[in-house]
Amino acid sequence: MLQVNFIRENKTLVTEGLKKRNFNNPEILDEILKTDDLRKQSQRQLDDILAQSNKAAKEIGALMQQGKREEAEKAKTAVAELKAQSNQLKEQLNQANTDLENLLFQVPNQPNALVPAGNTDEDNEVFKAWDKPMPTLPEGSQPHWELTKKYDIIDFELGVKITGAGFPVYKGQGARLQRALIQFFLDEAIAAGYVEYIPPLIVNEASGRGTGSLPDKEGQMYYIGKDDFYLIPTAEVPVTNIYRDVILDTKDFPVKMCSYTPCFRREAGSYGAHVRGLNRLHQFDKVEIVRLEHPDRSYAALDEMLAHVEMLLGKLELPFRILRLCGGDLSFASALTYDFEIYSAAQERWLEVSSVSNFETFQSNRMKCRYKDENRKNHLVHTLNGSALALPRIVAGLLENHQTPEGIVIPKALRPYTGFDMIK
RNA sequence: GGAGAAGUGGCAGAGCGGUUGAAUGCACUGGUCUUGAAAACCAGCGUAGGUGUGAGCCUACCGGGGGUUCGAAUCCCUCCUUCUCCGCCA
């Protein structure tokens, strides 16, 4: 969430930022400032009363020790009045605090100046286009949901039987390909200096709030009501929260973490051709990279992450482009996001396979993740993350783009991991 | 799942109703000393909110939340976590 003081000092800028995002309730900023004023006022009054009552309590203590019982009793009755006042103020302060937090939770992150204006994915800016020839497929080529059937490597119907739609079953070479990709992505991340983590796949509410997934994406997450837990929608949630309530030293930067996890998303409201096959699943595998950076370095880190993902796609021999998301398409917590899309020749459309974002201090403010500068002053860190990569659409792309009459050709870089060079 | 014990600053560890944000030790930072280092000595060393140009001052925080009391790290309730024993189990 944004810091109140940031809103206070940059109200015009924040208003413009909200406009860029098509945020429908810019009046909320005034409400926030008003609530914060009330909070401060209550705090002041309460502190004043408490200071008085602390002083009185000490005096009573002194009187008791001197054996002046009657005077002490008299002083006690005087304090009762203060007590009543402080209780009321405490309540008022608590209310102001929760009101303020609820309001702040509704405000999305301030978009970076580079974020283009626009409402929908149509308005995203092509940051890097595919400048090589598009793949051409042989006669009779098929979309991946046919190919998976043909080679018997992913069974969607079986997943429906066991669980429901969006929970495919990987089989034989399909399962092996899945495992190979995970291993490949992890090895590449580790080679790039990311430390591997295997986190819990279920998180508590505090963690969900830490990354801004709650309350924003509440409906997207599977909720385990009995224990008040959530299935993770991405490794970002547990991994970023490793550093919740942590104060780093400047020498700890950069913090680079990577993690493979299954991801669980309810995807309520999704329908149609766009969810066909592997295009949108309730459970899928992903390798995520997460970084904590000094604010001065975070955008350089973002560039490094882009280069990393580019490299992966290059090794997988998939045509891709990079989009810079417009204000309307930018996720709630992000300041700047680049999406990677690979081209699916069989479906004749672009598929999003990675999203790389800088959240600046939006998450760290919620998580209270800070660093101590040279003058021992605390500041919020910048957090970043990106998929490197999400598997299902990569698999879709590999199957579709690399299909030949003889079978599906595995890219060279992946062969040491699959142990075969063709799916047939 | 059942029965006990415990949760204090970066760590260790006092305090068990009054002036304790918290002794002491270690670690850490700055300084003195030294050719350099170590040792020794001196000083500093938590987080957050409020207030002030500032030094500073005020308030809160001893696992979380609530309560008793003029006053709580200290007493009570509740939740969480850890440890020990028993049971169950991949």
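**Notebook: chain A with RNA strand B**

I started with Glu 288, which is buried at a relative accessible area of 3%. My cut-offs: buried is under 20% relative accessible area, exposed is over 50%, and partly exposed lies in between (1.4 Å probe, protein chains only). Glu 288 sits in strand β10, residues 283-293. I also checked its C-alpha distance to Gln 106, which came out at 26 Å. Those two residues are 182 apart along the chain.

Ground rules next. I am reading a predicted model, where local features need pLDDT of at least 70, side-chain atom pairs count only at pLDDT 80 or more, and totals for chains, interfaces and linings use all residues. Residues are numbered from 1 along each chain as its sequence is written, chains are lettered from A and ligands numbered from 1 in the order written, and side-chain values use heavy atoms, with hydrogens and water left out.

**Confidence and layout**

I looked up the confidence. Chain A averages a pLDDT of 92, and 99% of the residues score at least 70. pLDDT is the predictor's confidence in each residue, from 0 to 100. For the complex I noted an ipTM of 0.87 and a pTM of 0.93.

Then I took the overall layout. Along the principal axes, the C-alpha atoms of chain A fill a box of roughly 100 × 45 × 45 Å. The domain assignment gives domain 1 as 4-104 and domain 2 as 121-423. These bounds come from an automatic or database domain assignment. I put the C-alpha centres of domain 1 and domain 2 at 43 Å apart. I counted 13 helices and 19 strands in chain A. Helices (H or I, at least four residues) and strands (E, at least two) are DSSP runs, numbered from the N terminus. Of the 424 residues in chain A, 48% are buried.

**RNA strand B**

Which residues come closest to RNA strand B? I found Arg 39, Arg 44, Gln 65, Arg 370 and Lys 372, out of 21 residues that surround the strand. Near here means that a heavy atom of the residue lies within 4 Å of the strand. I then turned to the RNA side. Sugar and phosphate make up 72% of the strand B atoms that come within 4 Å of the protein.

I sorted the residues near the strand by class. Nine are charged, seven nonpolar and five polar. Charged means Asp, Glu, Lys and Arg; nonpolar means Ala, Val, Leu, Ile, Met, Phe, Trp, Tyr, Cys and Pro; polar means the others, Gly among them.

Next came individual polar contacts. A polar contact is a pair of N or O atoms within 3.5 Å; within protein, one must be able to donate a hydrogen and the other to accept it, and residues adjacent in sequence count only if both atoms are side-chain atoms. Asp 47 places a polar side-chain atom 2.8 Å from a base nitrogen of RNA strand B. Asn 54 has a side-chain N or O atom 3.2 Å from a phosphate oxygen of the strand. For Lys 83, a polar side-chain atom also lies 3.2 Å from a phosphate oxygen of RNA strand B. The elements giving two or more residues to this surface are α3 (28-65), α4 (69-105) and β14 (370-372). Helix α3 gives the most, with 13 residues.

**Salt bridges**

I counted 18 salt bridges in the structure. Each is a side-chain nitrogen of Lys or Arg within 4 Å of a carboxyl oxygen of Asp or Glu.

Asp 37 pairs with Arg 8, the closest N and O atoms being 3.1 Å apart. This pair links distant parts of the chain: Asp 37 is in helix α3, and Arg 8, 29 residues away, is in helix α1 (residues 4-9). Asp 37 is partly exposed at 38%, and Arg 8 is partly exposed at 30%.

Lys 251 and Asp 249 form another salt bridge, at 3.9 Å between the closest N and O atoms. Lys 251 counts as exposed at 67% relative accessibility. Asp 249 counts as partly exposed at 32%.

Are Arg 291 and Glu 293 buried or exposed? Arg 291 is buried, with a relative accessible area of 1%, and Glu 293 is buried, with a relative accessible area of 1%. Their side chains meet in a salt bridge at 2.9 Å, N to O. I also noted that salt bridges with shared partners join Arg 8, Asp 36, Asp 37 and Arg 39 into one network.

**Last entry: Asn 365**

Asn 365 belongs to helix α11, residues 362-367. Asn 365 is buried at a relative accessible area of 9%. Its side chain reaches the backbone oxygen of Leu 2 at 3.5 Å.
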